[in-house]
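Subject: Structure for you to look at

Hi,

Here is the structure I promised to send over. Have a look at it first, and then read on for what turned up.

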Amino acid sequence: MEHATVSPWRQAISATLHCLTGCAIGEVLGMVIGTALGWSTLPTVLLAIALAFAFGYALTIGPVLRAGVPAGRAIRIALAADTVSITVMEVLDNGVMLVVPGAMDAGLDSALFWLALAFSLVVAFALTVPVNKWLIGRGKGHAVVHSYHHH
């Protein structure tokens, strides 16, 4: 019964790492695609956000489907589990990219681009952990989906 003794902070860190994985895949992919295509800031950020949500939800839906939950319910569970966490993470990591001078205009061969992107994900992780702790403490967020990850 080790799961009963896991601290709320540890649960929040685990949930945030899970969220960060999907967000980072989508965020990096969106930023790379938009930058490589020479897009302006707005379409690049919108693509990064859309892909972050898509990958974030996909990483939650997969285990829920494997647990035998029907697709429609699995989608609703993922939306309930991840929407707040992904939203907070996306506001933070895109916000950092927008406020680091030159980050959005730097090319893919620029250390500034990659360092700003990495820094944005670190900031997003650090500030989303307390949000997830608060959600889990109220039986929301990843608490909704946690039991499906062990099937």
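**What turned up**

At 0% relative accessibility, Phe-113 counts as buried. Keep that residue in mind, as we'll come back to its ring further down. One thing to know before we go on: this is a predicted model.

**The overall picture**

Let's zoom out. How many helices and strands are there in the protein? There are four helices and zero strands, so if you follow the sequence along you read the pattern α-α-α-α. The radius of gyration is 16 Å, and the globule rule gives 15 Å for 151 residues; the two values are close, so the protein is as compact as a globular protein of that length. If you'd like dimensions, the C-alpha trace spans about 50 × 30 × 20 Å along its principal axes.

What about the inside and the outside? Of the 151 residues, 41% are buried. The accessible surface adds up to about 7,800 Å², and carbon and sulfur atoms hold 71% of that.

Contacts are worth a look too. Take those with a separation of 6 or more: 70% of them are between residues 24 or more positions apart.

As for charge, you'll find 7 positive and 7 negative side chains, and the centres of the two sets lie 21 Å apart.

**Back to the rings**

How many aromatic pairs does the structure hold? It holds two. In one of them, the rings of Phe-53 and Tyr-57 have centres 5.8 Å apart, and their planes meet at 50°. Why is this pair called tilted? An angle under 30 degrees would make it stacked and one over 60 would make it edge-to-face, so a pair at 50° is tilted. Both residues sit in helix H2 (residues 41-66), four residues apart, which is about one turn of the helix. Tyr-57 itself is buried, at a relative accessible area of 15%.

The other pair brings Phe-113 back. Its partner is Trp-114, and the two rings are edge-to-face, with 4.9 Å from centre to centre and 90° between the planes. Phe-113 is buried at 0% relative accessibility, whereas Trp-114 is partly exposed at 38%.

**A walk along helix H4**

Helix H4 covers residues 111-137, and I picked out four of its residues for you.

Start with Ser-120, which lies in helix H4. Is Ser-120 buried or exposed? Its relative accessible area is 0%, and buried means under 20%, so Ser-120 is buried. Not counting residues up to four places away in sequence, Ser-120 touches Asp-93, Val-96 and Met-97.

Next is Leu-121, also placed in helix H4. Leu-121 counts as buried, with 12% relative accessibility. Which residues does Leu-121 touch, leaving out those up to four places away in sequence? They are Leu-20, Ala-24, Glu-27, Val-28 and Asp-93. Val-28 is 93 residues from Leu-121 along the chain, and the C-alpha atoms of the two are separated by 9.6 Å. You may have spotted Asp-93 twice: Ser-120 touches it, and so does Leu-121.

Then comes Thr-128, again in helix H4. Thr-128 is buried, with a relative accessible area of 0%. Setting aside its neighbours within four places in sequence, Thr-128 is in contact with Thr-16, Ser-85, Val-88, Met-89 and Leu-92.

Last on this walk is Ile-136, found in helix H4 too. Ile-136 has a relative accessible area of 15%, which is under the 20% cut-off, so it counts as buried. Apart from neighbours within four places in sequence, the contacts of Ile-136 are Gln-11, Ala-12, Ala-15, His-142 and Ala-143. How far is Ile-136 from Pro-8 in space, C-alpha to C-alpha? The distance is 7.5 Å, although the two are 128 residues apart in sequence.

**One residue in helix H3**

Finally, try finding Gly-95 in helix H3 (residues 71-99). Gly-95 is partly exposed, as its relative accessible area is 27%. Ile-49 is 46 residues from Gly-95 in sequence, and the two are 11 Å apart in space, C-alpha to C-alpha.

Have fun exploring!

Note on methods:
Residues numbered from 1 in each chain as written. Predicted model: local features only at pLDDT ≥ 70, side-chain atom pairs only at ≥ 80, totals over all residues. Heavy atoms only, no water. Helix = DSSP H or I, 4+ residues; strand = E, 2+ residues; numbered from the N terminus. Buried < 20%, exposed > 50% of the residue type's maximum accessible area, 1.4 Å probe, protein only. Contact = heavy atoms within 4.5 Å. Rg over C-alpha atoms; globule rule 2.2 N^0.38 Å. Areas by Shrake-Rupley, 256 points an atom, 1.4 Å probe, with all protein chains shown as cover. Lys, Arg positive; Asp, Glu negative; His and termini not counted. Charge placed at Lys NZ, Arg CZ, Asp CG, Glu CD. Phe/Tyr/Trp six-rings, centres within 6.5 Å; stacked < 30°, edge-to-face > 60°.
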